[in-house]
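Hello,

Here is the structure I promised to pass on to you. Have a look at it first, and then read my notes below.

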Amino acid sequence: MKPYFAIVVDSFHAALSSRILWIAFVAIWIFLIALAPIGYHEDYTTTFRWFDLDNGTQMKAMLARGLIDPEESETALGRIARVFPESVERQLKQVAQGEDVRIDKAALAGALNEALDNEDWYDADAWQATVRLKELRELDEKTADELTESERRRRARLRIEAALPGVFSVQSSRSIMLSYAGFEFPAFFAIGKTQFIALINQFVVPIIMDWLLGFALIFLGILVTASIIPDMLQPGSLHLLLSKPISRTFLLLSKFLGGCAFVLLCVCQLVIGLYLIAGFRLDIWNARILWCIPVSVFLFSVFYSVSTMAGLRWRSPTLSIGVTCMFGAFVLVIGFVGSYFDALVRRPDQIARIAVAGSDIVVACRGGGIKHFDPDSNLWNELIETDFRRHDLIVPPIRLNESMIASAQIRNGRFNLYGSGSLDALVMRREDDFDPKPGMRLPNGTRRMYVWDDSLLALNNAGIMATKMQQMVDSVASSEEQDDAESDETAGELDLNASGAEVSADETIPKSSAAIGAAAWISDLLRMQGGATEGFVDILPGNVKLTDPVRLVFAPKLDSVVIYSRGRLMRLGRPKDGSMAEGAKLTVEVERTIEDSDAAATVIAASGDAVLLARQNESVKWFRASDLEAILEFEIPEGERLIAIEPIGQSESFAMLATSGQVWMVSRKDDDTVTTRPLDFQDVASIEYVESLGQLVVAHHIDSIDFVEFPSDKKLSGKTVRTIRPSLTGWRKVDQWLITPLRTITPQTGELSETVAALVSGKRSFAIGGNNEDDTEVIRLKIARPVLSCAAFTAVMLALSCVYFKRRDF
Amino acid sequence: MSQSIVDVQHLKKTYRGWSFRGRRNVNAVRGVSLQAYAGEVFGLLGPNGAGKTTLIKMLLGVVKPTSGTATLFGQAIGSSAARRRVGYLPESLRVDRHHTARTALQYYGRMSRMDAASIGKRSDELLKLVGLEGRDRESVRRFSKGMYQRLGLAQALLHDPDLLVLDEPTDGLDPVGRNEVRRVIDRLRESGKTIFLNSHILQEVELVCTRVAILARGEIKAIGSLDELSSSDQQQLVIDVPRSEYADGTDPMESDWSPLIDLREGQTWSASVVRNQDRLTIDVEGQSQIDRIVDRLREEGHSISRLIVKQESLEETFMRLVGSEEADVS
């Protein structure tokens, strides 16, 4: 191989003698020198930003109530409500009087930030009634002298958050402040160091890879190397080379490898420079960053194979560059079209939640639509249209009984859970072909509904509200009667009915303060906040306030509900006396505090006497439901995160869905260990156990569904008893028969950045968000596909080039 | 007969191409057969477009023959074994600009599967031989065409090949350089190397080649040693007859030489006056015809002051075979 090695080495020398290479070197070093002064430090998250105010309407209502409700005047809420400047206070009073007032979130956040520096509003007694997180309790125990300025501001922020529960989005207690040459940037990242490292690895490095390595250097590389093959084909050079005792194929391949030397030289400097800067300046010593070197050279080889072929064919560097650029544009267009189809065609159809009533299946999709499967046509029929802009939020559908499913659609809910407009339950009955009918009015900001025996529970930021199931069932009938009555009336005036189904949130707020008393205002404000409505009553005891992340599961064996709320795991028993729907409260039977990352995304499930709890970046914890004693812990595969756990009846076994789309069955083997077994499914989006059928419903590959039999007495067994493979319609056909084949034959160079993200972060998949479990974006990185498609393309191009070079007379 | 190093049998090459008028084939080499033997300097002569370069490319495996066979050292042309024993100097050597003479020799030495030590040793010898000693660390960017040619010759000799294929080896060289190249070729021939020389400089071919093939329109027009090419039966007889020697007082300008000259079909003659003598220039074929013409002149009483029998030169042979319309020789 010596001759071929000599060709490769010679190409290195040729690259080193290139002026463009040295210009590139200088540019790289200038870039690295410019980047080197970057730094960061970790500090407490203190400053409020406008987007921290997750629920603006709820906040307005709370503050307005704090201002006008005499009972709140000395509470934490009342004291906080009075810190706002006069202009904001005037607006809040207008809100209290039922006027539709828009208050700038930035103004609210600004006022809160000013309050951080002057804590005159604080009163220890008033804050005793609030739910104080562990961090706040610990800070409260310290004297003023023991606190740094950052800790004091942090404590002030936590006090404000405690006074306004449910208003703020969950933020890490630590923030990252970036600095440049010792000067701090005004903006900060409200994330801890772990998340900061994940951000760098999963987003920043792939972006650098995309733009700096994947675009600029590749283009530069093609400019420089395009002449290598045409130069070799010059008669005085080629004939001499071909007269040597070497193989033409290896000669070409050696020249090809040598051409890659240019990019290798540049990429090595850039990536090693970035690695050292990340290590020395950001304390991120991630050797996986070095994977960018081979991936970048590999990416370049895809384009260079085209340049080589063009150079052989036309023997012109200019034509080689032109053809390669055209190829790059084609690949880019196919990549864009493909990603648009992913986002607008495939993803909206992906099943997010499943509800099964008898043999009928209703699903909520990622695109915000609700669909019912029609076995006759083998199609999913849209009950609520897919919203491509994904503004609306769908409350996951639940089975009410064997012929009825309920859900809700929050208009613009993704951005404003407590936005204007009523939130009516949508009830889908078999007798109506599952056409959604408005049912009872739900508490504002309802995220989830649950059926617990004869009660229907609604969970929102304010807590858990309950109503009788029958009331919900009846509400549809009464709604229909009212529709009929309305059709007979000429006047369009609406009356309040028992459920308030036709009354919008705005309309519930009186237009005239003279017409209604302060008590009514307060009641309306409470409802605006997501409190009890006409049909729903609060069932949480007074000492339980829910703070995100909140998860709720049932433990039928103990007739309890298990709630996880920001590190607090509680089992609440059914009211001993009275019905929940009539106002009887749950009682806290057992409570545990789970230390460490209490703000981390969490999934939970209960089966029999077992509770399984998985928090991001932690091992899975197995609790005994009766006393919430942690029995054992076990790890899930490296780089995975659980996004759903389903109990298999009361068998104390579970199905766990990970971000990779893999499902594992898990049950306890003995006191210290568990048995896990993967199910033979890929690309799973959602799982749901249907206890009445004894089947686990697995939604996979966008909208296919398998029913896997898991009788409670046969742990971890499983047999598919029913499958749904829906026919394709419209754009899905275009995707299947045109876009997918095009993407298959086109090297997916753009997707190589996903390979980099996976290599650098060490994760094959990850989830964004997670405080609201139904709004978690799962990103499955394509690792093998882009590598295979690019490798196959490069191999084909090189094979064609070699055949051409071997057969051609020169 | 020495061992045949280059053996070409009925070699043909047709380039197929397309133009607006349809398919267009060019017959570059049309059934060439030749042999070059060990230790000889074989010259390939021909006008531009005669097929010389195509023939060399076929021998080196750069171009594949359409039909026919050829071997180098008994190995099929194009085989790695055959190419291993060949050194080649292309007509316009192109060396990548990042090289110096020494690094270029290292590079080409590696191509010829030499080890580093051999390359170093041979490079020193050859750089001295071709006159590039002392300039071996200089970038080839600053090389003149002649220096490139010297470097090309050095790389061709680097792996001590048994057959040297030289395509216009003195192209671009000054007279001193040409002379040096000729001396190198002579020395190589003396050391038993076989040299296949492609040139259009007839003087060079006459000086160094032991055998020559003349190629025109893809065909061999003549092949053999210089003597063989020149010793064809076609000769020219030049006779000077002094006027003062006329006995009968007749005016020599009015003499009719025709009856005295016995010509065969196709042969021509001419008469002119040069320094008061009649000069007869006659195409002849063979000694017997010369004898007859001389006898006849003497019988008629003519005195002969000078008699020259002229052999055909290589240039004349070339011109005769190729035709002046195709000739492009210097």
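**A long helix in chain A**

Just after helix α13(A), Asp283(A) adopts a positive phi of about 60 degrees. Please keep in mind as you read that this is a predicted model. The helix itself, α13 of chain A, covers residues 248-282, which makes 35 residues. From its first C-alpha to its last, α13(A) reaches 49 Å, close to the 51 Å expected at 1.5 Å a residue. If you follow α13(A) along its length, you will come to a kink of about 30 degrees, centred on Val263(A).

**A buried helix in chain B**

Now turn to helix α1 of chain B, residues 52-60. Nine of its nine residues are buried, so α1(B) is largely enclosed by the rest of the structure. Among the buried residues are Leu55(B), Ile56(B), Met58(B), Leu59(B) and Leu60(B), but Lys52(B) and Lys57(B) are on the list too. After α1(B) comes Gly61(B), which has a positive phi, near 85 degrees.

**Where the chains touch**

How many residues does each chain bring to the contact? Chain B gives 22 residues and chain A gives 21. On the side of chain B that touches chain A, the elements giving two or more residues are α1, α2 (80-84), β6 (86-89) and α3 (101-111). The residues on that side of chain B divide into nine nonpolar, five polar and eight charged.

**Strands in chain B**

Chain B has an open sheet of four strands in the order β2-β1-β4-β5, with antiparallel pairing. At the edges stand β2 (22-37) and β5 (75-76) of chain B; each has a single partner strand, so one side of each is left without a neighbour in the sheet. Inside the sheet, β1 (residues 4-19) and β4 (residues 67-72) of chain B pair in the antiparallel sense over five bridges. To find one of these on screen, look for Val8(B), whose bridge partner in β4(B) is Ala70(B).

Strand β9 of chain B (residues 211-216) is worth a visit as well. Is β9(B) mostly covered or mostly open? Five of its six residues are buried, so to speak of it as mostly covered is fair. β9(B) pairs with β3 (residues 41-45) of chain B in the parallel sense over four bridges, with Gly43(B) matched to Val212(B). With β10 (residues 219-225) of chain B, β9(B) runs antiparallel and shares six bridges; here Leu215(B) stands opposite Ile220(B). Two residues lie between the strands of this β9(B)-β10(B) hairpin, where Arg217(B) takes a positive phi near 50 degrees.

Happy exploring!

Methods
Residues are numbered from 1 along each chain as its sequence is written. Chains are lettered from A and ligands numbered from 1 in the order in which they are written. This is a predicted model: local features need pLDDT of at least 70, side-chain atom pairs count only at pLDDT 80 or more; totals for chains, interfaces and linings use all residues. A residue is buried if 20 or more other C-beta atoms lie within 10 Å of its own, exposed if 12 or fewer, and partly exposed in between; C-beta atoms are placed from the backbone. Two residues are in contact if their C-beta atoms, placed from the backbone, lie within 7 Å. Ala, Val, Leu, Ile, Met, Phe, Trp, Tyr, Cys and Pro count as nonpolar, Asp, Glu, Lys and Arg as charged, and the others, Gly among them, as polar. Two strands pair if DSSP finds at least two bridges between them. The expected span of a helix is 1.5 Å times one less than its number of residues. The bend at a residue is the angle between axes fitted to the seven residues ending there and the seven starting there.
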